[in-house]
Each structure stands twice: as C-alpha cells, then as structure tokens.
Amino acid sequence: MSFELPELPYSTDALAPWISKETLELHHGKHHKAYVDNLNGLVAGTELESKSLEEIVRTAAPGPIFNNAAQIWNHTFYFESLSPNAGGEPSGTLAGRIASDFGSFADFRAKFSETAVKTFGAGWAWLVRKPDGTLAIVSTSNAATPLTGEDIPLLTCDVWEHAYYVDYRNRRAEYVEKFWNLVDWEKIENRFGE
Ligand SMILES: [Fe+2]
C-alpha cells in the first residue's frame, strides 16, 4: 500500500484571483506531491506501510517520516478548508462559539490574521477546538500540527512562503487578508460539529 496525493476539491484556477492557478499547480502538484512521494520512499518495506496517515502523524518520532506525513495531512486539511465563492462568516453554533470566545467574528478574524502573519518562518495558523469545548488560535512551526495533541483542528492557513510567494511575494499579510475570501465556513462548521 502506498499513500496517494488527494485530488484538489476544485480546479487549479478556481481560487483565482486570490490564489492563482500557478500557485496551486506548484503548491499541490509539486510541494504536496513531493511530501507524498517522500513518505512513500521512507516507509517502503517498513511496518509503517500498513498504517494510516493519521496514525503515522500521531506516533512518528521527530524526523523526516513525521515531517512528510504531517505535511501531507496539513496540506490536505488546508486545501479542503478553501473553496471558490466562499468567505463571509460562519453561522449556527460555531458563530455563537466564536462570538463568546473572541468577542466577535471581526475580533476572531483579526486575531487569527495576526497569528498567521507573526508566525516566524515557515508554519501554520490554526483555529482549534480545545478539549473543554472552547476555541483557540494556535501557530505551529514547519510541519507541526495540532493532530499530535488533544485539540481538534477546524481551520488552517498555510504561511510557508510557497503558499503565497508567487502571488504576493513577501507580502504575507496581504495573502492572509485575501485568504478570508476563500474560507469554506460550511466545511469548518461541519468539522466543529463532528
Ligand atoms: Fe504549503
């Protein structure tokens, strides 16, 4: 058994103008694919071949196997968080939870954006549901992912330079601002309700 690159849930030109076709072709077709190819090479002939991706992420020691497995998982989660003609605000219980934990949707969005922009170097900004049910915004470095802890990830923004450099050069804050046009809140609400 080998791991496979998941299809994008939309065409490579669907997120333009916020994320270009060129960026998605590189980000999904080259970077995401490379993590899959690397992991397949690393686990070939080992007992890890029969494990699920999530199992590997949750149990692997720090190193190349963890890094590639976690990056596969993080990217799939990121691409599935986005959709053309999305954006806006969540509704239902998630909207209420955001209002009670952050003050308002605008306050949440500002805090998440700040976390994404200030993440040092390569990494990810996340909205997570804590074990006590409250929401939190966290930042992880490189391949690190909430999946290894107890928090349930709901939304992520990839702030590795490869996510935005083609479209925004060094202007990470502008990429994060446009990212909100693409967040599929229906998907995030489903994750929250799971
Ligand atoms: Fe990425």
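Let me start with helix α1, which covers residues 21–43, has 23 residues and reaches 32 Å from its first C-alpha to its last, close to the 33 Å expected at 1.5 Å a residue. That expected span is 1.5 Å times one less than the number of residues in the helix, and the helices and strands I name are DSSP runs, numbered from the N terminus (helices are H or I with at least four residues, strands are E with at least two). Please keep in mind that this is a predicted model, in which local features need pLDDT of at least 70, side-chain atom pairs count only at pLDDT 80 or more, and totals for chains, interfaces and linings use all residues. Residues are numbered from 1 along each chain as its sequence is written.

Although its span is close to the expected one, α1 bends by about 30° at Lys 33, where the bend at a residue is the angle between axes fitted to the seven residues ending there and the seven starting there. Just after α1, Gly 45 takes a positive phi of about 80°. In the segment before α1 we find Pro 17, which is joined to Ala 16 by a cis peptide bond with an omega of about 5°.

Which residues of α1 are buried? They are Thr 23, Leu 24, His 27, His 32, Tyr 35, Val 36, Leu 39 and Val 43, and buried here has a definite cut-off: 20 or more other C-beta atoms lie within 10 Å of the residue's own, whereas an exposed residue has 12 or fewer and a partly exposed one falls in between, with C-beta atoms placed from the backbone. These buried residues pack against α3 (64–81) and α6 (165–168).

The packing of α1 with α3 can be described further, since the axes of the two helices come within 9 Å and cross at roughly 145°. The contact is made by residues of α1 that include His 28, His 32, Tyr 35 and Leu 39, and by residues of α3 that include Ile 65, Asn 68, Ile 72 and Phe 79; two residues are in contact if their C-beta atoms, placed from the backbone, lie within 7 Å. As for the angle, axes are lines fitted to C-alpha atoms, for helices over the stretch in contact, and angles run from 0 to 180 degrees between N-to-C directions. The crossing of α1 and α3 is left-handed, a term that applies if the near helix is turned anticlockwise from the far one by less than a right angle, with right-handed used if it is clockwise.

Now to a second pair of helices, α5 (residues 105–118) and α7, whose axes come within 9 Å and cross at roughly 145°. The contact is made by Ser 113, Ala 116 and Val 117 of α5, together with Arg 172, Ala 173, Val 176 and Glu 177 of α7. Here α5 passes α7 in a right-handed crossing.

Helix α7 (residues 172–179) also holds Tyr 175, which counts as buried because it has 24 C-beta neighbours inside 10 Å. Leaving aside neighbours within four places in sequence, Tyr 175 is in contact with Tyr 164, Asp 167 and Tyr 168. Phe 179 is found in α7 too, and Phe 179 counts as buried because it has 26 C-beta neighbours inside 10 Å.

Two asparagines in loops deserve a mention. Asn 85, in the loop between α3 and α4 (92–102), has a positive phi of about 55° although it is not a glycine, and Asn 85 is exposed because 10 other C-beta atoms lie within 10 Å. Asn 142, in the loop between β2 (135–141) and β3 (152–158), has a positive phi of about 55° although it is not a glycine; why does Asn 142 count as partly exposed? Because it has 14 C-beta neighbours inside 10 Å.

Finally, the whole chain. The protein has eight helices and three strands, and from the N terminus on they run α-α-α-α-α-β-β-β-α-α-α. The radius of gyration, taken over C-alpha atoms, is 16 Å, which agrees with the value near 16 Å for a compact globule of 194 residues, by the rule of 2.2 Å times the number of residues to the power 0.38. Buried residues make up 33% of the 194 residues. Among contacts with a separation of 6 or more, 65% are accounted for by residues 24 or more positions apart.
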